[in-house]
Amino acid sequence: MRLPRLSPDRPDIDQATVKKMIDRAMKAGCNYFDTAYMYHDGLSERCLGELLQAYPRDSYYLTDKMPVWFAKNPGDIEKIFREQLARCKTDYFDFYMLHALDTANWKLAQTYEACEFLARMKKEGKIRKLGFSFHDTPEVLQQIVDAQEWDFAQIQLNYLDWELYRSREQYEILTKAGIPVIVMEPLRGGSLATLSPDATEILKTADPGSSNAAWALRYVASLPNVLCVLSGMTLPEHMEDNLKTFSPLKPLTDSERKTLDLALAAYRKRLAVPCTACRYCMPCPVGVEIPRIFGLYNQYKITGNKWLFLNNYNAIPEDSGASACVNCGRCVKHCPQKIDIPAQLKKIAAEIA
Ligand code: SF4
Ligand code: SF4
């Protein structure tokens, strides 16, 4: 989802850098690749499909996801699935999930009989492990878990969301049901890699050799029912740091957990909008650059540097800024963090004016 781009404003992927990153990952033993239909406007699937041809198919795991909200007719589920196989140049997916299940998407999955179709694909060997990624409350998760057998589930899990987003309850529901967990957003869209200066200072004092990202990854990887930790790595340096963290993984000690609690308390005081930059809300029909605005605003609230904020914010064209929002509500339906996007944009616009 966060592959390096040729330009920040376009989905085109810097394929030469991705190739180097894949080669480095495979050499280091990191062999799980996660993509989705709409990542980089479909270019993520194509990029992986092309670059992974360099490796035997059984030397890596490839994961893809069914975006049920793209379906308009019952036949669309199969059409999307076949298109994904073709884009990824593969005969099967090792892991496949219903993408971003919440109440609405779970209903759509039933309307279009997606579960029945995917179960059939599993029987035919086109899917090895069938699961779902999830963005809703623990109550909705329980319903989905109870509805049928699942091989795994992917949830948003990190030390900030453990209580804030009720990730602890979600993890416990899955663990009790014997469903292994794949972790997404372990760095919460990169924000736990930067943190605030006071939170960073706490972590640096405790362990000068560790990055903020390493603390966050070790937190989730220390949980016993975690099967895999995803990290969207945009730069080769991100990958090198992550490889260091996992080679080998050192689970967090009790005293390190206490340190992390202190850093979290310092960070939470500063966070303004809980946006993870997932871009599910995009595109906005009038062109508001929602995640970019929230990212800059959070950075401002964390660092207190209003000059830098305004400088960066003014680089956004006026008709894509916070004040351009017409309150149509389209984005809110797609936001997994349930952010009241128009209200937050209004607040930011007022603060800038
Ligand atoms: S509510 Fe505002 S930001 Fe959201 S989609 Fe509509 S115009 Fe865009
Ligand atoms: S506002 Fe919501 S949907 Fe949009 S990028 Fe942020 S978290 Fe994702």
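This passage describes two helix contacts, one pocket, two ligand shells and some backbone features of a predicted model.

The packing of helix α1, which spans residues 15–28, against α12 was examined in the predicted structure. The axes of these two helices lie 10 Å apart and make an angle of about 10 degrees; because angles under 35 degrees count as roughly parallel, α1 and α12 are described as roughly parallel to each other. On the α1 side, the contact is formed by Thr17, Met21, Arg24, Ala25 and Ala28, and these residues meet Pro236, Met239, Glu240 and Leu243 of α12. By class, the contact of α1 with α12 comprises six nonpolar residues, one polar residue and two charged residues.

Helix α12, which covers residues 236–245, also takes part in the lining of the second largest pocket, as does α11 (212–221), each of them supplying at least two residues. The greatest contribution to this lining comes from α12, with three residues. The second largest pocket holds about 200 Å³ of space and is lined by 13 residues, among which Ser210, Arg218, Lys244, Thr245 and Lys250 lie nearest its centre. When the lining is divided by class, six of its residues are charged, five are polar and two are nonpolar.

Beyond α12, the backbone shows a cis peptide bond from Ser247 to Pro248, with omega near -5 degrees, and Pro248 itself belongs to the loop between α12 and α13 (254–268). A cis peptide bond also joins Met282 and Pro283, where omega is about 0 degrees; Pro283 is placed in the loop between α13 and α14. That loop between α13 and α14 likewise contains Arg279, a residue other than glycine whose phi is positive, near 70 degrees. For context, most peptide bonds are trans, and most residues other than glycine have a negative phi.

Arg279 appears again in the surroundings of ligand 2, where, of the 14 residues around the ligand, Cys275, Cys278, Arg279, Cys281 and Cys335 come nearest. Helix α14, made up of residues 290–303, gives the most to this shell, with three residues. The shell around ligand 2 divides into eleven nonpolar residues, two polar residues and one charged residue, with cysteine counted among the nonpolar residues in this classification.

The shell around ligand 1 includes Cys284, Pro285, Val286 and Ile290, together with the stretch Cys325, Val326, Asn327, Cys328 and Gly329, and it also includes Cys331, Pro342 and Leu345. In this shell ten residues are nonpolar and two are polar, while no charged residue is present.

Finally, the arrangement of helix α15 (residues 306–313) and helix α17 (residues 341–352) was considered: their axes come within 12 Å and cross at roughly 110 degrees. Since angles of 65 to 115 degrees count as roughly perpendicular, this crossing makes α15 roughly perpendicular to α17. The contact between the two helices brings Lys306, Phe309, Leu310 and Tyr313 of α15 together with Ile348, Glu351 and Ile352 of α17. Five of the residues in the contact of α15 with α17 are nonpolar and two are charged, with no polar residue among them.

Conventions: Residues numbered from 1 in each chain as written. Chains lettered and ligands numbered in written order. Predicted model: local features only at pLDDT ≥ 70, side-chain atom pairs only at ≥ 80, totals over all residues. Heavy atoms only, no water. 1 Å grid on protein atoms, 1.4 Å probe; cavity = no way out; pocket = protein on both sides within 12 Å on 5 of 7 lines; lining within 4 Å. Points joined across faces, edges and corners; volume = space filled by probe spheres on them. Helix = DSSP H or I, 4+ residues; strand = E, 2+ residues; numbered from the N terminus. Near = heavy atom within 4 Å. Axes fitted to C-alpha atoms, helices over the stretch in contact; angles between N-to-C directions. Parallel < 35°, antiparallel > 145°, perpendicular 65-115°, else oblique. Contact = heavy atoms within 4.5 Å.
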